[in-house]
Amino acid sequence: MGMPPQGMQGGQAPGMGMPPQGMQGQQAPGMGMPPQGMQGGQAPGMGMPPQGMPGAQQPEDTTPANFQLGTKLPAKLNVPIPAHELNFDDEKFLRLLAGSISLSKDEKKKIIESIPRLKQTQIDELIRIFEEEKQKFAQLSKKHVPQLEKLANQHYNDWMDLEADYVKAEKATEDESKADEIRKNLGL
């Protein structure tokens, strides 16, 4: 391979590297500068795709959906709060606890059972946390609503199960008391 064929310089194929005769220092028509009326070498209307077109980036709607936790719960909650010496609205606390989607059914039950042993600062802090949770979830945008509804339904069902457990336990205690009364009357 040594030397390039005659007429070729530096191993380039004919017509490559050097412009054709008569066009030295000039560019072929339509090359280089965009036609008048076009900026940046783009065809008219190109650049940002029109809204609604594939590839168009729509800004996310961050408007709060105002999703309210606990709205699915019945007007009367059937979970008794144990006797306590604390100063708080039992019904409000129970509604906030029932509506919470950050605690499991078992955790909610443990909180209810622990109320007589809690300090005032602890119950106040729980109420603050539940209210803050409710507020934060209300601030989420509409794109989160399907997931929030799913979570709210799951926690609603859990709460209804918890209420059913308390009703069963109350009924069993009531039945046992009646049986004791009957035994006592019979002298057994």
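Modeller: Buried means under 20% relative accessible area, exposed means over 50%, and partly exposed is in between. The model discussed here is predicted.

Biologist: At 36% relative accessibility, how does Glu-132 count: buried, partly exposed or exposed?

Modeller: The cut-offs are under 20% for buried and over 50% for exposed. Glu-132 has 36% relative accessibility, so it falls in between and counts as partly exposed.

Biologist: Which residue forms a salt bridge with Glu-132?

Modeller: The closest N and O atoms of the pair are 2.8 Å apart. The partner sits 4 residues away in helix α3, about one helical turn from Glu-132. In an α-helix, residues three or four places apart point the same way. The partner of Glu-132 is Arg-128.

Biologist: Which residues are linked in a network of salt bridges?

Modeller: Arg-128 also meets Glu-125 in a salt bridge, at 2.6 Å from N to O. Those two residues both lie in helix α3, 3 residues apart. Arg-128 is partly exposed at 38%, and Glu-125 is partly exposed at 35%. With the bridge from Arg-128 to Glu-132, the network consists of Glu-125, Arg-128 and Glu-132.

Biologist: How many salt bridges does a search of the whole structure find?

Modeller: Side chains of opposite charge can pair when their charged atoms come close. The bridges from Arg-128 to Glu-125 and to Glu-132 have been named above. The search of the whole structure finds a total of 5.

Biologist: Which residue of α1 meets Glu-91 in a salt bridge?

Modeller: The N to O distance in this bridge is 3.6 Å. The two residues are 4 apart in α1, so they are separated by about one helical turn. Glu-91 is partly exposed, at 35% relative accessibility, and its partner is partly exposed too, at 26%. The partner is Arg-95.

Biologist: Which residue caps the N-terminal end of α1?

Modeller: Glu-91 takes part here through its backbone nitrogen. A side-chain oxygen of the capping residue lies 3.1 Å from that nitrogen. The cap is Asp-89.

Biologist: Which element gives the largest share of the largest nonpolar core?

Modeller: That core has 23 residues, and Phe-93, Leu-97, Ile-112, Ile-115, Ile-123, Phe-130 and Trp-159 touch the most other members. Two or more residues come from each of α1 (90-99), α2 (105-114), α3 (120-138) and α4 (145-186). The largest share, 5 residues, comes from α1.

Biologist: Beyond four places in sequence, which residues is Phe-93 in contact with?

Modeller: Phe-93 is one of the buried residues of α1, a list that also holds Leu-94, Leu-96, Leu-97, Ala-98 and Gly-99. Nonpolar side chains tend to be buried together in soluble globular proteins. The contacts of Phe-93 beyond four places in sequence are Ile-81, Phe-88, Ile-111, Ile-115, Ile-123, Leu-126, Ile-127 and Phe-130.

Biologist: Which side chain of opposite charge is nearest to Glu-133?

Modeller: Glu-133 lies in helix α3 and is buried, yet has no salt bridge. A polar atom of its side chain lies 3.2 Å from the backbone nitrogen of Ile-101. Beyond four places in sequence, Glu-133 touches Leu-69, Ser-100, Ile-101 and Ser-102. The nearest opposite charge is 7.5 Å away, and it belongs to Lys-108.

Biologist: How far apart in space are Gln-68 and Gly-99?

Modeller: Gln-68 is placed in the segment before α1 and is partly exposed, at 30%. Leaving out residues up to four places away, Gln-68 touches Lys-134 and Ala-138. Gln-68 and Gly-99 are 31 residues apart in sequence, while their C-alpha to C-alpha distance is 8.9 Å.

Biologist: In which element of the protein chain is confidence highest?

Modeller: The chain averages a pLDDT of 75, and 65% of the residues score at least 70. Over residues 7-20 the pLDDT is below 50, and this stretch has 5 contacts beyond near neighbours in sequence. Residues 37-45 are also below 50, with 4 such contacts. Among the elements, the mean is lowest in α4, at 81, whereas the highest, 95, is found in α2.

Key
Residues numbered from 1 in each chain as written. Predicted model: local features only at pLDDT ≥ 70, side-chain atom pairs only at ≥ 80, totals over all residues. Heavy atoms only, no water. Core = buried A, V, L, I, M, F, W, Y, C linked by side-chain atoms within 4.5 Å. Buried < 20%, exposed > 50% of the residue type's maximum accessible area, 1.4 Å probe, protein only. Contact = heavy atoms within 4.5 Å. Polar contact = N/O pair within 3.5 Å; in protein donor to acceptor, adjacent residues only side chain to side chain. Lys, Arg positive; Asp, Glu negative; His and termini not counted. Salt bridge = Lys/Arg side-chain N within 4 Å of Asp/Glu carboxyl O. pLDDT = per-residue confidence, 0-100.
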